[in-house]
Amino acid sequence: MECRLDGQVAVVTGGSSGIGRGIAQLFAQAGAAVVVNYRGSRDGAEEAVREIEAAGGKAIAVKADVSQQAEVEAMFAAAVEHFGAVDILVANSGIQKDAAFTELTLEDWQQVIDTNLTGQFLCAQAAVRQFRRQGERGVSRARGKILCMSSVHEVIPWAGHTNYAASKGGISLLMKSLAQEVAEEGIRVNAIAPGAIRTAINADATEGDAARDLLRLIPYGRIGVVEDVARVALFLASDMGDYVVGATLFVDGGMTLYPGFRDNG
Ligand code: NAD
């Protein structure tokens with residue numbers, strides 16, 4: 001048995017770059033029709049769609065700011081209009097606005113919470129409503145699947161990034177509470193918590209000297225790539241992961257293993 005998504009429709013938020021783009025591509029290869037959501041990067045989204053189509057897959061690009069309810073609802077309506085249903089949501093969009101605690105502006109606090117946490121709430125709510133509307137489609141053992149993109153910072157405190165860490169800590173219990181609420185309907189909700197993955201969000205920490213420092217925090221000895229996360233997302237979204245409900249899968253090369261204690265603390 002392979003991890004396949006044939007006949008299913010996936011909405012991937014923040015699908016024009018980084019981890020989201022890698023997931024969109026892999027899901028399309030696995031047989032899903034993909035809605036590549038973007039906020040600003042229309043070129044990136046259209047390029048992702050062209051790549052998917054060139055490989056024989058199906059995709060459309062849909063613009064929406066995940067922190068705006070009307071835009072999220074319009075994105076789901078566009079997905080249903082184009083592909084007839086939504087079976088999988090990957091709530092992946094996220095931003096960082098870093099600052100020392102007393103320098104952090106209310107605006108930057110709010111923007112990170114709005115995008116990373118409220119954005120996942122709005123997308124997950126729209127997804128559950130759509131799963132209920134469309135009922136059993138016979139394309140997967142679950143009636144619908146939601147993947148929340150968290151971070152190792154849902155458990156690792158991160159000085160200078162309180163807004164980001166608070167948003168990811170929030171995702172942990174948003175995901176678990178929602179999973180508990182909708183599991184009896186056959187809806188599976190899970191999360192992925194990546195460690196350090198080489199993308200635009202952390203380019204300054206994953207290149208050059210900074211990369212050497214970062215490697216000290218990763219027992220497995222390498223910085224991750226988007227495919228590391230995309231493969232786990234595919235497993236969780238497919239029937240191969242059908243009995244995984246309300247779990248956060250850490251994809252972090254061991255970053256959450258307290259590597260500072262490797263030499264006896
Ligand atoms: P990225 O910057 O390439 O991707 C983030 C995406 O979110 C971008 O496409 C961006 O346009 C989109 N986005 C931002 N605000 C949005 C909004 N309001 N509405 C819709 N889309 C919006 O970086 P990435 O590393 O691919 O990040 C993807 C997710 O993975 C994020 O949630 C991030 O927190 C999480 N993550 C990344 C890492 C890492 O090391 N790269 C580690 C842990 C968690």
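## Close-up views of the spaces in a predicted model

**Figure 1. The largest cavity holds about 50 Å³ of space.** Welcome to the first view of this model, which is predicted. A search of the whole structure turns up one cavity of 30 Å³ or more. Its lining includes Q8 and D87, along with a series of residues from further along the chain: G135, E136, R137, G138, V139, S140, A142, R143, G144 and K145. By class, this lining of the largest cavity has two nonpolar, five polar and five charged residues.

**Figure 2. The ligand occupies the largest pocket.** Here we turn to the ligand and its neighbours. Which residues come nearest to the ligand? Of the 27 residues around it, the nearest are S17, Y164, I197, T199 and N202. Two helices, α1 (18-29) and α5 (162-182), each give at least two residues to this shell. The shell around the ligand divides into ten nonpolar, 14 polar and three charged residues.

**Figure 3. Oxygen atoms of the ligand pair with polar atoms of I19, I197 and T199.** At I19, a polar backbone atom is 2.8 Å from an oxygen atom of the ligand. The backbone also takes part at I197, where an N or O atom lies 2.7 Å from a ligand oxygen. At T199 the side chain is involved instead: one of its N or O atoms is 2.5 Å from an oxygen atom of the ligand. For the ligand as a whole, 810 Å² is exposed when it is taken alone, and the protein buries 93% of that.

**Figure 4. The largest pocket holds about 1,300 Å³ of space.** Of the 50 residues that line this pocket, Q96, Y164, T199, I201 and N202 are the closest to its centre. Y164, T199 and N202 will be familiar from Figure 2, being among the residues that come nearest to the ligand. Two or more lining residues come from each of α1, β2 (33-38) and α5. Which element gives the most to the lining of the largest pocket? That is α1, with three residues. Sorted by class, the lining of the largest pocket has 23 nonpolar, 22 polar and five charged residues.

**Figure 5. The second largest pocket holds about 150 Å³ of space.** Our last stop is a pocket lined by F121, A124, Q125, V128, R129, R132, L174, L178, E181 and V182. Both α4 (106-134) and α5 supply at least two residues of this lining. The most come from α4, which gives six residues. As for α5, this helix also supplies at least two residues of the shell around the ligand. The lining of the second largest pocket divides into six nonpolar, one polar and three charged residues.

Definitions and conventions:
Residues are numbered from 1 along each chain as its sequence is written. This is a predicted model: local features need pLDDT of at least 70, side-chain atom pairs count only at pLDDT 80 or more; totals for chains, interfaces and linings use all residues. Side-chain values use heavy atoms; hydrogens and water are left out. On a 1 Å grid over the protein atoms alone, a cavity is a set of points where a 1.4 Å probe fits but cannot get out, and a pocket is an open set with protein on both sides within 12 Å along at least five of seven lines; lining residues have an atom within 4 Å of a point. Grid points are joined across faces, edges and corners, and a volume is the space filled by probe spheres set on the points. Ala, Val, Leu, Ile, Met, Phe, Trp, Tyr, Cys and Pro count as nonpolar, Asp, Glu, Lys and Arg as charged, and the others, Gly among them, as polar. A residue is near a molecule or strand if one of its heavy atoms lies within 4 Å of it. A polar contact is a pair of N or O atoms within 3.5 Å; within protein, one must be able to donate a hydrogen and the other to accept it, and residues adjacent in sequence count only if both atoms are side-chain atoms. Accessible areas come from the Shrake-Rupley method with a 1.4 Å probe; for residues, only the protein chains shown count as cover. A molecule sits in a cavity or pocket if more than half of its atoms lie within 2 Å of its grid points. Helices (H or I, at least four residues) and strands (E, at least two) are DSSP runs, numbered from the N terminus.
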